[in-house]
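The following exercises concern burial and strand pairing. Please examine the sequence and the structure before reading each solution.

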Amino acid sequence: MGCDMDLTLNEKRLLVALEPVGSVDAATLADLMDTRQEAVIQYANLARERRLVDVEKHVSRRYTLTEEGQTYAGRGLPERQVLESFDDEIPMRDLQAHPLARIAIGWMRKKGWVVIKNGIVRKTGNATPGPDEVAFAQASENGAVTGDEEGVFDLLRRGLVQEVEAVAYTVSITPQGREVLARGLDLQAEVGTLTRDQIVSGAWRDLPLRRYDVTKVPKRAYPGKTHPYQRLLDEMRRVLLDMGFSEIAGGIVQSSFWNFDALFQPQDHPAREMQDTFFLGERWPLPEGYERVRDMHEHGGETSSTGWGGAWNAAKAKQCVLRTHTTSLSIQHLVEHPDPPVKAFCIGRVYRREATDPTHLAEFEQLEGVVMDEGVNFAHLLGFLKEFYAKMGFEMVRFRPGYFPYTEPSVEPEVHVDGLGWVELGGAGIFRQEVTAPLGIEHPVLAWGLGISRVAMLRLGLRDLRHLYRSDVEWIRDTPTYSGRR
Amino acid sequence: MAIIPLAYRYMERLTGTDRQTLIERIPMIGADIERIEEDHVDVEFFPDRPDLYSAEGVARAMRGFLGIEEGLPIYTVHPSGIAFSIDPGLADIRPYLGSAVIRNVDLDEEAIESLMGLQEALHWAVGRGRGKVAIGVHDLDTITPPFHYMASPRSRSFVPLDFDRDMTLDEILTDHPKGRDYAHLVERFSEFPLIVDANDRVLSFPPIINGELTRVTTATKNILLDCTGTDKRAVMTATNIICTALAEAGASIETVTIGDEVMPTLAPAERCVSAKECASLLGLPLSPEDIARLLERMRFGAEPDGNSWIRVLVPCYRADILHDWDIFEDVAIAYGIENFDATLPATSTVAEEHPTTAIARAVRAVMVGLGYLEMIPFTLTSDRVLYESMRREPLPGTLRLLHPISEDQTVVRTDLLALLMEMLQANKHRELPQRLFAIGDVVEDCATYQKMAAVSIHPTADFSEAYAAVDVFCREVSLSYAVTESVDPAFIDGRRGDIVVGKRVVGVFGEIHPTVLNAFDLEHPVAAFALDLRAVPGYPALPDTPSPGGR
């Protein structure tokens, strides 16, 4: 402190302006410095932090004329104007013709200036101006009046004046300020932004560059960004590509045949009821060879299966749905690519007819991977799962038996999450032969899937899944692009 | 899901092991522990294992799994001499009946509750809400055989459970709580199923309600079981599961004669499975003897035939064994899923991302470079948001849900712009400027493809900003385009342009119409653009979708 190199040019100019006067209000100071009052206050506050000046804030209440008040300014209150419009007396009917009569007559009577008898308004002779008129006259003349004037509150009640809060500042130089002045100040203008000329000509060498205060945080800037959830989806996609899985994508609308029947979901399964699945009015034709799927449902076709029994209904299989899982895409991909090996994955939105709340949504992303190859087996399935979860940052994985309608054997993977313990994450299994045989898929198919929103909740610390899809801009702005996790 | 309460003391008695072992090991036969309580544990078992929906069934399985008692459980049945006849008039209503006599039951309140619990769980898992199978248990000593399962006039009356007066069958459907719950299963028929005894007294009105007459109480010693339904296999599954559970609890089972069939036999089904197929599916080096030993722990009867085949006897209560692989899964469970050596196969594959992913990545890179934030809106929306608020006419190819669950989710989006407007509305109180974009699936005429959209809201957002962004975007994704004046009512006339590629309008941009701003409760101008990504070079041809309608 005390070294003038720290001072901005504006602070220096402020001290110079204050030197002859010592203490002055901000408005005057602004005139002296030929700038705006707000700017002066800003410089003064900077200088105050260095204890070179004192800044005193005065708040005062003043009363200015309202719109109605303005209309009487210079002419007096309505009752005064009306009183002066006639001599000693006037018939009431005539007086009522005066434009201000409606307001004025009541006040004239109340103030005892007139009496009204038999339709005649007569002056009492006693009409000295009250404190309200004194205050009004001041307000009219000066544009405002202070609360010291007792009549002002009558005017306030009548809506003729309004309260205005005024803030004024007095800036005074301190002894430290004078010391700095005494040491002499360099008033050459500081340079904010270097110009091309200054750089090219070498003039920059002699320029006093304005110093910035590194303790002041910058204005917050917001870059364009991908969505935090998208970054998680991309991470999963990369993991699967790294593991040699090719990506598949497909339609949101699926026939029940591909969404359910081809996956050996019995036609009376609860998931196929209207309460759980979004059905559509559209009906799609069954693919060639659907009869083998029908036979599988009815009696197990040519496998060791018994099938579900009962009669399989083709009409039910034609009805379209919003896909309830991406497995409908995986199975069609396998049908189209019958030659091993096939390793494919899909990340896509799936639909369940659920009422929306913090942990349930009618639509969410699902990830699914399938491996079809000669001789792949259950131990391999566990191997893929371990690898996938490890790459997703879940180092500890364990397995329990599971149940899924279209896989056998089935398994439920659990991952260990600090603070939560073992968390079930997805499901896996080998496609039942009832699924693969009628579609001509000749080798075992390992499959696993998981709802990504579960992972999103764990990784993004979300409590409410809806925030993924109806996001707060602030949350996206505040979530770092790189979490430091990998 | 079926959640079964297992009382520790009873389970310890039935299995001969301690509760800690049970709690630790039960999940490894395929179950989720829901809650661990002072005196019991609530366990959720899978829907394909209804034989585990009773403490007795779980104990039977755990005795095997823990090596306490292995191999096929043998249930002997004796004839009861009781006959049941079935009215041919039921053929189109509810044709199948399974029945048994269960003697010497020992029922306290808890046991009755547990039997009702099993019944309810079976109604759900096997009976599909009583449609496929409904189960009734009756105090046999209150009624006189033979019994008759008949199609009855709807005017017939009896005293249903929990009531003290005669009600007609029709009345039960409207006035009895169970009648109201299950009326939909029978109301289309002119006659209703009814079970009566030799004296024409009513035992039951399946699948709705039993008669008060045969109520099972703690005094009940002998039970008549009826399982009626529309699927023979499911009816027998339920019959077998209830009989064997009660047999495990100490009761003895007797057969009834229905026509010329004597049931239940409680006999196992037989299957010959390949040990080689099993070992190769699981990836375990198991011999036929190993496999047979593991199957015995899962309560199968299993005998290697000395030639790599195994003769397997499947207990009558195992409804889930449809296929040989179902048996192999039990081998895996007995081996212990946790004991597998997780390995990766040696085959190498070369991965490829989907072409739309490459395009989406480019879109994101460009939009982020332009300073836009990504949003991932829902695909389900409503006509109000998608069209009305946007002043647009509904597209003819809009996909509508038959049974929406809320009025905010009635259609699948055909465009993303409206959803971004909604996002701006939701973020109205956040600092401006806000620049948002989204990329994602839309559905039109049942075909799924991708679109993108972008919005920019701030006091000086205008046509020029939108145009400049469109121009950058198209250049960056190698899209040569032309612009013509647009008539899109979501934008202000004179401040809107169509993005044209070839002869097709593939997008639109400009200043959003103030009426639209009002509809989304926005107070500043919005510059926006939207583009059909099928226009981008390299976008894959859509896979064939079957023609809608199908006829």
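**Exercise 1.** Determine which residues of strand 23 of chain B are buried on each of its two faces.

*Solution.* Step 1: strands are DSSP runs (E, at least two residues; helices are H or I, at least four), numbered from the N terminus. Step 2: buried means under 20% relative accessible area, with a 1.4 Å probe and protein chains only. Step 3: on one side B:Ala447, B:Tyr449, B:Lys451, B:Ala453, B:Val455 and B:Ile457 are buried, and on the other B:Thr448, B:Gln450, B:Met452, B:Ala454 and B:Ser456. Step 4: because 11 of the 11 residues (447-457) are buried, strand 23 of chain B is largely enclosed by the rest of the structure.

The model is predicted: local features need pLDDT of at least 70, side-chain atom pairs count only at pLDDT 80 or more, and totals for chains, interfaces and linings use all residues. Residues are numbered from 1 along each chain as its sequence is written, chains are lettered from A and ligands numbered from 1 in the order in which they are written, and side-chain values use heavy atoms, without hydrogens and water.

**Exercise 2.** Identify how strand 22 and strand 23 of chain B pair.

*Solution.* Step 1: pairing requires at least two DSSP bridges between two strands. Step 2: strand 22 (residues 434-444) joins strand 23 of chain B in the antiparallel sense over 11 bridges, with B:Gln434 opposite B:Ile457. Step 3: these strands form a hairpin with two residues between them, and B:Asp445 in the turn has a positive phi of about 50°.

**Exercise 3.** Find the residue of strand 27 of chain B that stands opposite B:Lys451.

*Solution.* Step 1: strand 27 (residues 526-532) and strand 23 of chain B are antiparallel, with seven bridges. Step 2: the residue opposite B:Lys451 is B:Asp532.

Note on methods. Buried < 20%, exposed > 50% of the residue type's maximum accessible area, 1.4 Å probe, protein only.
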